[in-house]
Amino acid sequence: MLRIWDTMQDAKRLLSWTVKISLIGLFVVLLFLPSAFAIGITPALITVPYEQDRELCHSFTIVNNEHRAYRVELFLGGDLASFGSLEPTTIEFRADEEQQTVGVCVSLPDRLSVGEHGVTVTAVSSPPFSQDTTSVVARLAVMGTLRVLVAFEGAYVESELAPHEQSDGSVSFDVSMRN
């Protein structure tokens, strides 16, 4: 019984040291990360109603928030991605460029099930790095969505009621409805 107790205590000590070493290792990695930078995409969401056999074309703007030179790779995702196209699929930002625009076109199919469907535009940044040095590099990604709403057949209304208290003590309501 005493040997089992000693073995359990040894295991706890080993686990404690493993956790401590892992935390120190994580701290060292984070310490040597290059300064972070950010990218953006606008608009984050575009919502349109479904129309049979329609081609939707919209643009998204990729924003270079930090004014740095880097490359952005663009991908389509979502359940309508196979019906869409994206142009361009790669963007090269210069340090003096603030934004660039990409175009997304989706040819809507003859039939879609009721509800929400969409195409996501994912922009993944590739920060510049040197081949001569060893470094840890992080890749950032942002997404914009082109959402298509397919209405229910017949008389169906989805509503939302949002009360707002006014400064004079009265209450006003915002009502939004959609099929």
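Here are some numbered notes on the structure above, which is a predicted model.

1. Overall make-up. The chain has 1 helix and 11 strands, and the order from the N terminus is α-β-β-β-β-β-β-β-β-β-β-β. So much for the layout; on contacts, if you take pairs of residues at least 6 apart in sequence, 64% of them join residues at least 24 apart.

2. Surface and burial. Of the chain's 179 residues, 25% count as buried. The accessible surface is about 12500 Å², with 58% of that belonging to carbon and sulfur atoms.

3. The core. Which residues have the most contacts inside the largest nonpolar core? They are F60, I62, V72, L74 and V148, in a core of 27 residues. At least two residues of this core come from each of β1 (39-42), β2 (45-49), β3, β4 (70-77), β6 (90-93), β7, β8 and β9. Strand β9 gives the most, with 4 residues. As a general point, nonpolar side chains in soluble globular proteins tend to be buried together.

4. A look at V72. Setting aside residues up to four places away in sequence, V72 touches I62, T89, T90, I91, F93, A123, V124 and S125. One of these, I62, is listed with V72 among the residues with the most contacts inside the core.

5. T61 in β3. T61 sits in strand β3 and counts as buried because its relative accessibility is 15%, under the 20% cut-off. Away from its neighbours within four places in sequence, T61 is in contact with G40, I41, T42, Q99, Q100 and T101. T42 comes up again in point 9, as one end of a cis peptide bond.

6. The disulfide. How many disulfides does a search of the whole structure find? The search gives 1, and this disulfide joins C57 to C105 with an S to S distance of 2.2 Å. C57 is in strand β3 (residues 55-64) and C105 in strand β7 (residues 99-107), so the bond ties together parts 48 residues apart in sequence. The torsion about the S-S bond is about 115 degrees, which means the disulfide is right-handed. Are the two cysteines buried or partly exposed? C57 is partly exposed at 43% relative accessibility, and C105 is also partly exposed, at 23%.

7. Salt bridges. There are 5 in the structure, and here are some of them. The side chains of E116 and R147 meet with N to O at 3.6 Å. That pair links distant parts of the chain, since E116 is in strand β8 (residues 115-126) and R147 is in strand β9 (residues 141-150), 31 residues apart. E116 is partly exposed, with a relative accessible area of 46%. Elsewhere, R94, D96 and E97 are joined into one network by salt bridges that share partners. Within this network, D96 pairs with R94, the closest N and O atoms being 3.2 Å apart, and E97 also pairs with R94, at 3.9 Å N to O. Burial separates the two acids: D96 is exposed, with a relative accessible area of 59%, whereas E97 is buried, with 15%.

8. A nonpolar patch on the surface. V157, L161, V171, F173, V175 and M177 make a nonpolar surface patch of about 630 Å². Where does the largest share of this patch come from? Strand β11 (residues 171-178) supplies it, with 4 residues. V171, for instance, lies in that strand and counts as partly exposed because its relative accessibility is 47%.

9. Backbone details to look at. The peptide bond from T42 to P43 is cis, with omega near -5 degrees, and P43 lies in the loop between β1 and β2. A cis bond also joins E87 and P88, where omega is about -5 degrees; the place of P88 is in the loop between β5 (84-87) and β6. Then there is D53, a residue other than glycine that has a positive phi, near 55 degrees. D53 is in the loop between β2 and β3, and counts as exposed because its relative accessibility is 53%.

Notes
Residues are numbered from 1 along each chain as its sequence is written. This is a predicted model: local features need pLDDT of at least 70, side-chain atom pairs count only at pLDDT 80 or more; totals for chains, interfaces and linings use all residues. Side-chain values use heavy atoms; hydrogens and water are left out. Patches are made of residues with over 30% relative accessible area and no salt bridge: like charges are joined within 9 Å, nonpolar side chains (Val, Leu, Ile, Met, Phe, Trp, Tyr) within 5 Å. Accessible areas come from the Shrake-Rupley method with a 1.4 Å probe; for residues, only the protein chains shown count as cover. A salt bridge is a side-chain nitrogen of Lys or Arg within 4 Å of a carboxyl oxygen of Asp or Glu. Buried means under 20% relative accessible area, exposed over 50%, partly exposed in between (1.4 Å probe, protein chains only). A disulfide is a pair of cysteine sulfur atoms within 2.5 Å. Contact means heavy atoms within 4.5 Å. A nonpolar core is a set of buried Ala, Val, Leu, Ile, Met, Phe, Trp, Tyr and Cys residues joined through side-chain atoms within 4.5 Å.
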